[in-house]
Amino acid sequence: MKLKNLVKKAGALGVACSMALGALSVQAEETIKVGVLHSLSGTMAISETTLKDTMLMLIEEQNKKGGLLGKKLEPVVVDPASNWPLFAERTRELLEQHHVDAIFGCWTSVSRKSVLPVIEELNGMLFYPVQYEGEESSRNVFYTGAAPNQQAIPAVDYLKDELGVERWVLAGTDYVYPRTTNRILEAYLKSAGVAEDDIMINYTPFGHSDWQNIVAEIKRFGSTGKKTAVVSTINGDANVPFYRELGNQGVSAEDIPVVAFSVGEEELSGIDTTPLVGHMAAWNYFMSEDTPENEAFINTWHEFTGDEKRVTNDPMEAHYIGFNMWVKAVEKAGTTDTDKVIDAMVGVEVPNLTGGTSTMLPNHHITKPVLIGEIQDDGQFLTVSSTDELVPGDAWSDYLEGSKDLISDWTAPISCGNYNTKTKTCVGAQAEE
Amino acid sequence: MNPLNRLRETWRPDQVFDLVQPTPTFDKSLDTKHGPILYVEDVSVSFDGFKALNNLNLYIDDGELRCIIGPNGAGKTTMMDVITGKTKPDSGSVYFGQRINLLKLSEHAIARGGIGRKFQKPTIFEALSVFENLELATASNKHVWYTLNHHLSGEQRDRIDEVLTQIGLTNHYQQEAGALSHGQKQWLEIGMLLVQNPRVLLVDEPVAGMTGEEVEHTAQLLTSLKGRHSVIVVEHDMAFVRSIANKVTVLHQGSVLAEGSMDQVQSDPRVVEVYLGE
Amino acid sequence: MNPLCRITPRHTLPAVLLWLTCLLPLHANAQTTDSAPEETPSTAAAEAQQPTFEQLVQQLAGGSLRDRAATVNQLSSQSDERLADVFNALVAGDLLANKDKPPVIAIRDGERLTDALSGADLTGTQRLRRIPVNNSLRTQLRGQVAQLNLNHPNTDKRYAAVERFIRDGVDDETAALLRAHQQVEDSGRVQDAITTALAVYQLQSDDRAIRLAAIDELSGSLEQEARNALRGIAENDADAELRSAAAEAIESIQSRISFYRFVENLFFGLSLGSVLLLAAIGLAITFGVMGVINMAHGELIMIGAYTTWGVQVLFPDLIEWSLLIAVPAAFLITALVGIAIERGVIRFLYGRPLETLLATFGLSLVLQQAVRTLFSPLNRSVSSPEWISGTLSINPVLSITYTRLYILIFGLMVFFALMLVMKRTTLGLKVRAVSQNRAMARAVGVRSSWVDALTFGLGSGVAGVAGVALSQLTNVGPNLGQAYIIDSFMVVVFGGVGNLWGTLVSAMSLGLINNFLEPYAGAMLAKVLVLIMLILFIQKKPKGLFPQKGRAAAD
Amino acid sequence: MLTQRLLLSDRGGMLVLGLVVLMAIIVPICNLAVPGDSPLHVSNFTVGLLGKFLCFALLALSVDLIWGYAGILSLGHGAFFTLGGYGMGMYLMRQIGDRGVYGHPELMDFMVVLNWQELPWYWQGFDMFWFAMLMVLLVPGLLALAFGWLAFRSRVTGVYFAIITQALTYALMLAFFRNEMGFGGNNGLNDFKEILGFDLAAQATRVGLFIASAIALVLGYLACRYIVTSRAGRVIVSIRDAESRTRFCGYQVESYKLWLFVFSAMLAAVAGALYVPQVGIINPGEFAPLNSIEMVVWVATGGRGTLFGAIVGAFSVNYAKTFFTTYSPETWLFILGGLFVLVTLLLPKGIVGLFDRFRRKGEK
């Protein structure tokens, strides 16, 4: 009797297991599949869900235009749940189980780092839409967000030259993007003759909510009579309490302006912006840009979401550019074969939403305009400065000890992500390839 | 105490490394040549200002069966807690034999040293069988590493059989302990004390909730222990106390009110007053 | 003198502003006439090509920001009486324009729109858009406006104006202005500020005696600019005596500052403590008194915060009152959710505290995702009413933010209200009875299930109320709860489970410790150190700061 | 005799263990030998997934040992798991050598970015596999020893213990997030190249790691069985059911708890060390208190107090998570959260208890 039950139990488990395996191996169909790898739950859902919707919209629009190479595009959405190992696992799933031809995804640096080995191993394509710290280059990744020289350095230039800022607070969340950006900025400022004493660097944990001390300290730091500004690489959730504390302690944008690299329209839509008016952000796109392309994009977005109040932001534009570049490259290559598309990508030009034309560079970064905007009380930005020409993204910073001699060039004959221009060699891991 | 001394006290080797201290070997040093095996002297305990024990003095002779009675709140259970190391008194001293200061030992060391305790509510390991209950309690090396590989010796098995007979559970030895009747659980708990071969047995209300027949059986069991072990019984049931005791101590408000034979005690006017006053 | 006496109620501000708009043109005139003599030659030369006031104002509507700045410059040399109105509106974002040629320029005052040039009523005109201003422009405008504000009836405004003079540097001309004003000034605070401003000005004098006197004067000032000016002398001046006098003055200022900084730190610590208290106090009931390890506590706080948002969305005209409405609303809603949780899940799990942990953990996931699905994963914007924003500045180095102050007071009020409920009402009595001995309480006729539901509802409701307060400090989004749950448990455990006083003391002391560690260790390490201290403390006192004593607690 | 004790008397365990062994044999064959287009082929993705589940199962085992048997709820087991993972991660990082993006022969890439000049002392020795593995066991073991010694000695129990273990893992998380700690901050350790000279991207290495995890799970299971079926195991259960009785039987309750806690921590660390090369990244997020709660939920779902229940729980909850995050990303938290509530309410003994109930019904 007991034995029989045991057998039954085993049988049930076996069936369950085989169902499990079967369910996970879905067969490919006659469409071009596009992987969408953005967290829909967990802490990052707040930022990434919008990007998933953007991708769905772009794919839908492309299908309306007749798809690509005569085939329909099919989005494959998975949820890596803000869990970094899960990002790697999902990437493997997208490439191995679903056989997607390109992946659009990731937000945080750590998620990209987690995905990187998998995407290289399985030779996929990843379009990464968020501003990041640089110091990386992969043949399989296309960086459509800003590198530090496309965001941080122009912003500091603006503060220095236009507002006459002499004292600098570099405040950031303690992770790799602020660390690297601040190191670059520190080196840059020092090279511009700013004294050590005039730079204050402060790091806080993720989601830091008690800013009383730090804001008080910034206030004191800014009270020496020299014009002071805060360069903020504070991440996501910590921003609201930070700005609220600034407002409450009476630090106005005229006294100590804050220029942020991670605060966009979407973040502002969750904040009462009245006390923020005049603080700044540096991006490559603002929703308030007055161009026909942007107007069309915003209209499509509102139509797609059915919500007239939804805002657009910089990473969305990055996906817009990245997706159009990929479409163009596939058309140019006439196939979705990864190697051919990767080769076709370099040099592709598509219009961006701010009235210019972005180009994919040999280092897999793109050219972008740099805009500085001031926050208005309606949660939008007022562009106060923009570069005259598009700035090419730089994978390796010129201001860091380890990387100033490195360049990235994925075209022949160099074909290397970290090529040392002095020793004329390809260093590190890629040396063998 | 100045801070330095206090620091020194906290970092005394036996305090710091008390986890790895060897078990004190009691029997060799247990010195009962002056008669009493347990000395409780001037012990006071208070909880939040309430004095549970108030300068209590109590001496138990080797091999004696002593009954302790007293109204609720007289401090009977607290006294047991102090002897077994569960509660540390505010003042006073408790000696086991002439030399062993019980206040310096932890509960398990006191138990290993030969003072067994039965709780008011039967506490046995309900998930284990009767035999396993006794096996766990059996006197042997109780260190972690030893128990990891240990099997019962023939001698220990014999001792368990013997106790099983003594407590009348021979036929139930495979049964899950949780399924025993209330009385049987009480006996099993006494049995668990016996397999440890204790010198002193503290038995808290052994017959509460028992049927008449069971009470009789318990009385027999306890009197049979006299001589080999010192037994301290705390009980409310006067008839039961009369049936087993030759010496009775009456506690009241944390100290000894009267001591003597059952008849002596019952005729003591202070005792009468305390009991009638209730 | 009590610094608090100097504070004027903030509510009078709008009324005063209105009055001001009537008065301003006069000062504007006065101002321009004052400075007229010096400027006359150049102004006269430029007069020929200079556009009219009307043209300039219309120019404001178009062009780039840089053009606008130039226009403002030109305007400031104009002596039109409408100028102050235009500037005030521009800096406040109340100057509107449409795309006509030439554009209609309107000034917005609440709902009312008036033409900036003709003063005609334009209320109801469509397609008027705000004329954008940026920081540098705003700074420029503020400087202009500040001069005009020196005679403002509001003390705060006058004070701010003098402050701005100090900051921008006092020259001969402004010094004369200030001296003149000092005679009529009746507020001590503004008097002091003017004295400082003049002393800063005198530091630059050629007369050594005047400079020494100025240093002496400034040694009593807490103004940052005063210190900077002194520092300049202490470091660079050629005169050794002046240098040492300045250094001494700085030292005496520094010792006062460090005292105020200590007071500030104390306040920061207490304020952080009050946030912890609010977050933890509901848990002190559900976990401390009832023994339910309520992992969904954070989500109840979140629901409270969302209620505030909901109130503001439902009654957009009542922003000033929204918090007062939200407090009872949040209490009711979260209490109901709490009662639902208790009846639906927790009542089956009494006596199994560790299993309540698992079930409520599941619930917290469900609640979070529910909020994501219902309200989107984005943060919601909760605005702060006027009366809660801003600072109470006691002196130039010590100011206390109203939000923090109110939250501190609010936290204590909630605490004492809860204390009263627990100690003075029959519900409190029954709660304590049930928590100590469920069977006994039932035997004496307490309906324990009813008490359980109400107690849990009470704890949850308090969590919701905390959410209202937190919505003024932090993000209102699905992750709000998770940010506070661990801290809340730490506070309750540190204080001693089942002891409300313990919760208060532990929240405040954790807040203070954290705050005093932060400057030395950094925000991150400070938190780690506090946690380690907590772990070690629990080893020493396993039942927290104020353990429950007696026989019942022994087991 | 030992076989009888460890296996034969434990039918559910035999069954589960049998399945694990079967999986460890079939999956590699189906992955390596069966051609890719065959329906029997098991993809690399599935191998990785199952390998991860095996590590989680080992971790669940360690939680169950301490919670299910000794009744000590630790909400900080994620700390030991992650520390083990970091030990392995440090070894793997050192194996990168000069193949990092900056080509520095000794320093990790993130150290170059932080402008560090030399390798911190605590990174020394991790280039040797044996040393790294020793540390994988020792560091979490010593942490558990110190922490447990303090906590058990002062009789911190139940809820209090749960909360301070949570504080422990939370403190570690915050500490490891700091870049100054020298463990790569939020990015953690990633981009590993090879283990013991085998290329981590190679299929065979993955299968090897998968088999190693299966072996670790089986050995871990047998070790746990050995403990719980010994007399020490009975003492441990007695401590759970009647702590003071056990104490008055002469057992030093604290040292039993302590050694079990240390053993459990080491088991968790081994799981972490095997987990890291398979998922390719370790970062402080693994320390998050929520992760540790989730581990407890696996055990509760599977059935606490039965070792194989922990394995069943780890596999089923994680499988459900994988399944729902793929096929119903918007609602998986509802389903998972609801599952936890229902399991605690309706299945106090977990899935295993459910089977038992069916069996008992069948017997009637």
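Let's start at a small spot in chain D: Asn115(D) sits in the loop between helix 5 (109–113) and helix 6 of that chain. Keep in mind that this is a predicted model. Asn115(D) is no glycine, yet its phi is positive, about 70°. That is worth a second look because most residues other than glycine have a negative phi. As for its surroundings, Asn115(D) has 12 other C-beta atoms within 10 Å, so it counts as exposed.

Chain A has a case to set beside that one. Cys106(A) also has a positive phi without being a glycine, here near 75°. Its place is the loop between strand 3 (102–105) and helix 4 of chain A. Is Cys106(A) buried or exposed? It counts as buried, because 31 C-beta neighbours fall inside 10 Å.

While we're on backbone details in chain A, look at Ala412(A) and Pro413(A), which are joined by a cis peptide bond with omega about 5°. Again the general rule runs the other way: most peptide bonds are trans. Pro413(A) belongs to the loop that links strand 17 (406–409) and strand 18 (416–420) of chain A.

Now step back and take in chain A as a whole. DSSP gives it 12 helices and 19 strands. Its C-alpha trace spans about 85 × 60 × 45 Å along the principal axes. The radius of gyration is 23 Å, which agrees with the value near 22 Å for a compact globule of 433 residues. Of those 433 residues, 62% are buried. Take the contacts in chain A between residues at least 6 apart in sequence, and 68% of them join residues at least 24 apart.

Helix 12 of chain A, residues 338–345, shows how burial plays out on a single element. Its buried residues include Val341(A), Ala344(A) and Met345(A). These three cover an arc of only 105° around the axis, which puts them on the same side of the helix. The spacing makes sense, because an α-helix has 3.6 residues a turn and residues three or four places apart point the same way. Among the elements that cover the buried residues of helix 12 are strand 5 (141–143) and helix 11 (314–333) of chain A. After helix 12 comes Gly347(A), with a positive phi near 95°.

From here, follow chain A out to its partner. Its contact with chain D involves 49 residues of chain A and 48 residues of chain D. On the chain A side, the elements that give two or more residues are helix 1 (2–24), strand 2 (73–78), helix 3 (84–97), helix 4 (109–121) and helix 6 (176–191). Which of them gives the largest share? That is helix 1 of chain A, with nine residues. By class, this side has 24 nonpolar, 11 polar and 14 charged residues.

Chain D touches chain C as well, with 35 residues from chain D and 33 from chain C in the contact. On the chain D side, helix 6 (129–153), helix 7 (158–177), helix 12 (289–302) and helix 14 (332–346) each supply at least two residues. Helix 7 of chain D makes the largest contribution, 12 residues. This side divides into 27 nonpolar, five polar and three charged residues.

That leaves chain C itself, which has 20 helices and six strands. Buried residues account for 48% of its 555 residues. Among its contacts between residues at least 6 apart in sequence, 70% join residues at least 24 apart.

Notes: Residues are numbered from 1 along each chain as its sequence is written. Chains are lettered from A and ligands numbered from 1 in the order in which they are written. This is a predicted model: local features need pLDDT of at least 70, side-chain atom pairs count only at pLDDT 80 or more; totals for chains, interfaces and linings use all residues. A residue is buried if 20 or more other C-beta atoms lie within 10 Å of its own, exposed if 12 or fewer, and partly exposed in between; C-beta atoms are placed from the backbone. Helices (H or I, at least four residues) and strands (E, at least two) are DSSP runs, numbered from the N terminus. The arc is that of the directions from the helix axis to the C-beta atoms. Two residues are in contact if their C-beta atoms, placed from the backbone, lie within 7 Å. Ala, Val, Leu, Ile, Met, Phe, Trp, Tyr, Cys and Pro count as nonpolar, Asp, Glu, Lys and Arg as charged, and the others, Gly among them, as polar. The radius of gyration is taken over C-alpha atoms; the globule rule is 2.2 Å times the number of residues to the power 0.38.
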